[in-house]
Amino acid sequence: MLTRYHAIADAIALLFAPYAEIAIHDLTSQTLVYIANNRSQRELGEDSNLSDLQDDYDLQVIGPYLKRNWDGSQLRSISAVLRDDQGDPIGLMCINLDISVLENAKAALDLFLAGNVLQSQPDVLFHDDWQERINSFIHPWLQQRQLTLSTLNGTSRRALVEALYQEGAFKGKNAAGYVAKVLGIGRATVYNYLKNLKESV
């Protein structure tokens with residue numbers, strides 16, 4: 001009966017290769033009867049010690065929980081109760097995912113992004129950097145309105161150009177062309193927006 005679950009175990013192991021091990025335990029014999037991508041160095045026929053599960057008919061999923069592999073790697077595990085056609089528990093499928101590589105990657109990213117050696121933008125470089133100032137204005141403006149550059153329509157583009165105008169963003173040489181490039185519209189469109197803004201003042 002449990003052989004029907006072998007393909008599922010293999011599929012999960014392939015999807016998360018090489019980091020996932022899937023073990024199937026037989027609740028009747030209390031032994032390990034199948035294992036895909038054996039990372040724990042266990043052998044088929046080993047004792048499972050899962051006798052308590054046979055009496056718990058309501059149990060469906062156990063976990064997720066943490067455990068330690070033989071080589072010291074950290075595993076995140078979850079187990080699902082397998083049932084026969086009558087709904088009686090007959091086995092347990094345990095998915096053991098090695099997260100040590102993810103923990104190492106996270107630690108490296110945390111260290112890289114900590115910013116403890118970053119300094120504020122030097123005025124000598126950014127004092128006249130109108131492109132930087134435009135970029136620093138546009139993206140918070142979009143985030144506040146839950147927009148992205150790709151989702152802007154005519155109305156929101158016009159509103160953004162108006163907001164940039166109020167911030168004095170178009171005082172820089174070629175600023176209109178840069179804004180047009182960022183917004184994905186023609187330079188003439190930006191000039192037209194600016195003309196209308198100046199006439200309305």
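How many bridges join strand 3 to strand 4? The legends below refer to a predicted model.

**View 1. Strand 3 pairs with strand 4 (residues 74-83).** Six bridges join the two strands, which run antiparallel. Tyr 65 has Ser 77 in strand 4 as its bridge partner.

**View 2. Five strands form an open sheet.** The strand order is 2-1-5-4-3, and the pairing is antiparallel. Strand 2 and strand 3 (61-68) are the edge strands, each pairing on one side only. On average, neighbouring strands of this sheet are turned by 25° against each other, direction ignored.

**View 3. Strand 1 (residues 20-26) is largely enclosed by the rest of the structure.** This follows because seven of its seven residues are buried, that is, under 20% relative accessible area. In a regular strand, side chains alternate between the two faces of the sheet. In strand 1, both faces are covered. Ala 20, Ile 22, Ile 24 and Asp 26 are buried on one side. Glu 21, Ala 23 and His 25 are buried on the other.

**View 4. Strand 1 pairs with strand 5 (residues 89-98).** Seven bridges join these antiparallel strands. Glu 21 has its bridge partner, Asn 96, in strand 5.

**View 5. Strand 1 and strand 2 form a hairpin.** Four residues lie between the strands. In the turn, Gln 30 has a positive phi of about 60°. Five bridges join strand 1 to strand 2 (residues 31-36), and the two run antiparallel. Leu 32 in strand 2 stands opposite His 25.

**View 6. Helix 1 (residues 6-15) lies across strand 1, strand 2 and strand 5.** The helix runs at about 160° to strand 1.

Key
Residues numbered from 1 in each chain as written. Predicted model: local features only at pLDDT ≥ 70, side-chain atom pairs only at ≥ 80, totals over all residues. Heavy atoms only, no water. Buried < 20%, exposed > 50% of the residue type's maximum accessible area, 1.4 Å probe, protein only. Pairing = 2+ DSSP bridges. Axes fitted to C-alpha atoms, helices over the stretch in contact; angles between N-to-C directions. Contact = heavy atoms within 4.5 Å.
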